[in-house]
Amino acid sequence: MTHKGEDTAPARRPDVTELRVATNGQGRPGAPVPEPDLPHDRSQAILEAAKQIGALLKRAGHSFALAGSVAVYAHGGSRYLQHDADFCVLPDDAEAVAATLTEAGLPVRTPPEDWLLKTTCHGQNVDIIFALAHQPVGKDLLDRAHVLPVDSVLMPVLAPTDLIRSLLSAFSEHYCDFGAVLPVARAVREKVDWDEVRAGCGDQPMPAAFLFLLERLNVIDPQEGQP
């Protein structure tokens, strides 16, 4: 899940071992796997990319959870996907995940940001994230994931409460797009523990403002004890 504000936020990034592109044992990356023709439908292409990456990670036995807009779709949200597919993995597993993707013939790139790596599948960008909203991805986060179908592929999907909390925690003075997160909150509102969201990030000014907006729009109930 690529948040525009995360690379400028003052919070310290977790230390992650430098990633190297894995090879096929002969000093070169694995040969690219031919990809089937896809419909001229960006959302379907993103779904196909998510399905292929999820299947690869499952077969390799990696701990992971689908995040971002495809996770919202898996929880019953809109199928209109605009950006990319996002997966959360443990920081210690990042290099092994890079090797799995490379062995499958997918390109792996290490961007300047030190909290993710990137690949491309079916012509779509895929982010492999090991720090979410300025915090390292932890085993407890992945253990809370729900196993849901993404079209025809079952895979772990970030729990709705964790999904919302990560989106709100990414708000900052440099990036605060309420319009992008509002439809997500509407789509999953009945599945979210809003008290837990408030406890996790509600004392920060931008998340607090967004929660107030949700109350005024009657998306969520006001906090107990508040008018």
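This report walks through a predicted model of one protein chain, from its overall make-up down to a few single residues.

**Ground rules**

The model is predicted, so local features need pLDDT of at least 70 and side-chain atom pairs count only at pLDDT 80 or more, while totals for chains, interfaces and linings use all residues. Residues are numbered from 1 along each chain as its sequence is written, and side-chain values use heavy atoms, with hydrogens and water left out.

**The whole chain**

You'll find eight helices and nine strands in the chain. Both kinds of element are DSSP runs numbered from the N terminus: helices are H or I with at least four residues, strands are E with at least two. Of the 227 residues in the chain, 52% are buried. Here, buried means under 20% relative accessible area, exposed means over 50%, and partly exposed is in between (1.4 Å probe, protein chains only).

Take the contacts between residues at least 6 apart in sequence: 68% of them join residues at least 24 apart. A contact means heavy atoms within 4.5 Å.

**Strand S5 and its partners**

Strand S5 covers residues 124-129, and five of its six residues are buried, so the strand is largely enclosed by the rest of the structure. S5 pairs with strand S2 (residues 85-89) through four bridges, and these two run parallel. S5 also pairs with strand S4 (residues 116-121), this time antiparallel and through six bridges. Two strands count as paired if DSSP finds at least two bridges between them.

For particular bridges, Cys88 has Ile129 in S5 as its partner, and Thr120 has Asn125 in S5. Cys88 is buried, at 0% relative accessible area.

Gln124 also belongs to S5 and is buried, with 10% relative accessibility. Setting aside residues up to four places away in sequence, Gln124 touches Arg42, Ala45, Ile46, Ala49 and Thr119.

**Two loop residues with positive phi**

Most residues other than glycine have a negative phi. His122 has a positive phi of about 55° although it is not a glycine, and Asp151 also has a positive phi of about 55° without being a glycine. The hairpin of S4 and S5, where His122 takes its positive phi, has two residues between the strands. Asp151 is in the loop between strand S8 (146-150) and strand S9 (153-157).

Here are the two together:

| Residue | Phi | Loop | Relative accessibility |
|---|---|---|---|
| His122 | about 55° | between S4 and S5 | 9%, buried |
| Asp151 | about 55° | between S8 and S9 | 33%, partly exposed |

**Helices H5 and H7**

Two packed helices are described by the angle between their axes and the distance between the axes. The axes of helix H5 (residues 160-169) and helix H7 (residues 194-201) come within 10 Å and cross at roughly 35°. Those axes are lines fitted to C-alpha atoms, for helices over the stretch in contact, with angles running from 0 to 180 degrees between N-to-C directions. The crossing of H5 and H7 is right-handed, meaning that the near helix is turned clockwise from the far one by less than a right angle (anticlockwise would be left-handed).

On the H5 side, Thr161, Ile164, Arg165, Leu168 and Ser169 take part, and they meet Trp194, Glu196, Val197, Gly200 and Cys201 of H7. By class, this contact has five nonpolar, three polar and two charged residues. In that scheme Ala, Val, Leu, Ile, Met, Phe, Trp, Tyr, Cys and Pro are nonpolar, Asp, Glu, Lys and Arg are charged, and the others, Gly among them, are polar.

Cys201 is buried, at 0% relative accessibility. How many disulfides does the count come to? Zero, where a disulfide is a pair of cysteine sulfur atoms within 2.5 Å.

**Where Ala187 meets Gly77**

Ala187 sits in helix H6 (residues 178-188) and is partly exposed, with a relative accessible area of 34%. Beyond its neighbours within four places in sequence, Ala187 is in contact with Val72 and Gly77. Ala187 and Gly76 are 111 residues apart in sequence, yet 6.8 Å apart in space, C-alpha to C-alpha.

Gly77 lies in the loop between helix H2 (68-74) and S2, and is buried at 15% relative accessibility. With neighbours within four places again left aside, Gly77 is in contact with Val72 and Ala187. The C-alpha atoms of Gly77 and Pro183 are separated by 8.3 Å, with the two residues 106 apart along the chain.
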